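Subject: Structure for you to look at

Hello,

Here is the structure I promised you. Please open it first, then read my notes beside it.

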Amino acid sequence: MKKLNPEFEEIDRKREDQNVFWSSLDAKEDENHILYGNSASFFSSVSSERSEELLNIMKKNGLLRDDKILELGSNCGRNINYIKSQGFPNVLGLEINQEAIDHGVEEYELLSEENFIQGSVESAIGNVGQIDWLFTMAVMIHLTEEQKISIYEWAKKNVSKGIVFVESFSKNTMHHYGLKGHWFSHLSKKEIPKIGKKTRYRKFKSIGYTACIITM
Ligand SMILES: C[S@@+](CC[C@H](N)C(=O)[O-])C[C@H]1O[C@@H](n2cnc3c(N)ncnc32)[C@H](O)[C@@H]1O
């Protein structure tokens, strides 16, 4: 398969490994003895600053009250809960980890099972149907090339208004986490295909990442 990101060598990154890792909430230790895990209690404890910054980007780009909004890799749904609380009721989170979804349904009064689809992006995205907005936050950096391609291809056909990828585009990401690219990498601007009419990048301050904003 053609390399999406010429800057990144996919040493040992297989979809099956990735999906097993993210499906569990247990912390794992990498070869550098760094513990990393998929913790719903951590993701629900993150401040709402990130969700607010994201929502402002969508509002500036024409988000309307009844627009249908999908987050890929929503974990417990902290972002979609915030967006719903601000008067945008049609939110959906697609998440591989059922325990993270259960955590969100319990934690957030505004969210129920109906706000989530459980599954891995590449297999479950086909069940979503047409949406107006798609966003990710710190998710694309964990996926394989094959998984990212399935998102780009799907988005071209199914997203009507805009996409916001809040991700790291910095080559330092994997060094920063010391994980040798196994669970973390970075995106390359070169890998983002032409999906909509306009693609722009701006700093996403609350995480120190970049927002790639695509308008259709
Ligand atoms: C770093 S967390 C970010 C969570 C959330 N977006 C946030 O900002 O709090 C990455 C999330 O992506 C989910 N994920 C990873 N691979 C996935 C896949 N193939 N399909 C669906 N979700 C996935 C993980 O389970 C995890 O909840």
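**What I found**

Start with two neighbouring strands: S6 and S7 run parallel and are joined by 6 bridges. Within this pairing, Phe-135 sits opposite Val-164 of S7. S6 is mostly covered, with 5 of its 7 residues buried.

One caution before going on. This is a predicted model. The protein chain has an average pLDDT of 86, and 79% of its residues score at least 70. Be careful with residues 175-181, where pLDDT stays under 50. For that stretch the model has 13 contacts beyond four places in sequence.

**The whole chain**

The protein chain holds 8 helices and 9 strands. It has 216 residues, and 37% of them are buried. Now take the contacts with a separation of 6 or more. Of these, 68% are between residues 24 or more positions apart.

**The sheet**

What is the order of the strands in the open sheet? It reads S5-S4-S3-S6-S7-S9-S8, which makes 7 strands with mixed pairing. At the edges are strand S5 (116-118) and strand S8 (198-204), and each of them pairs on one side only. From one strand to the next, the twist averages 15°.

Look next at strand S3, residues 69-72. S3 runs parallel to S4, and 4 bridges join the two. There, Leu-70 has Leu-92 of S4 as its bridge partner. S3 is also parallel to S6, again with 4 bridges. In that pairing, Ile-69 has Trp-133 of S6 as its bridge partner. As you trace a strand, keep a general point in mind: in a regular strand, side chains alternate between the two faces of the sheet.

A helix lies across part of this sheet. Helix H7 (residues 145-158) crosses S3, strand S6 (131-137) and strand S7 (159-167). H7 runs at about 150° to S7.

**Around the ligand**

Which residues come nearest to the ligand? They are Trp-22, Gly-73, Asn-75, Ile-96 and Met-137, out of 23 residues around the ligand. Three elements give two or more residues to this shell: helix H1 (15-23), helix H4 (78-85) and strand S4 (91-95). H1 supplies the largest share, 3 residues. By type, the shell has 10 nonpolar, 11 polar and 2 charged residues.

**Two residues with positive phi**

Most residues other than glycine have a negative phi. Two residues here are worth a look on that count.

One is Asn-75, which you have just met by the ligand. Asn-75 is in the loop between S3 and H4. Its phi is positive, near 50°, and it is not a glycine. Is Asn-75 buried or exposed? Asn-75 counts as buried because it has 27 C-beta neighbours inside 10 Å, and 20 are enough.

The other is Ala-138, in the loop between S6 and H7. Ala-138 is not a glycine either, yet its phi is positive, about 55°. Ala-138 has 17 other C-beta atoms within 10 Å, so it is partly exposed.

To get your bearings, try finding Asn-75 in its loop between S3 and H4. Then find Ala-138 in the loop between S6 and H7.

Best wishes

Key. Residues are numbered from 1 along each chain as its sequence is written. This is a predicted model: local features need pLDDT of at least 70, side-chain atom pairs count only at pLDDT 80 or more; totals for chains, interfaces and linings use all residues. A residue is near a molecule or strand if its C-beta atom, placed from the backbone, lies within 6 Å of it. Ala, Val, Leu, Ile, Met, Phe, Trp, Tyr, Cys and Pro count as nonpolar, Asp, Glu, Lys and Arg as charged, and the others, Gly among them, as polar. pLDDT is the predictor's confidence in each residue, from 0 to 100. Two residues are in contact if their C-beta atoms, placed from the backbone, lie within 7 Å. Two strands pair if DSSP finds at least two bridges between them. Axes are lines fitted to C-alpha atoms, for helices over the stretch in contact, and angles run from 0 to 180 degrees between N-to-C directions. A residue is buried if 20 or more other C-beta atoms lie within 10 Å of its own, exposed if 12 or fewer, and partly exposed in between; C-beta atoms are placed from the backbone.
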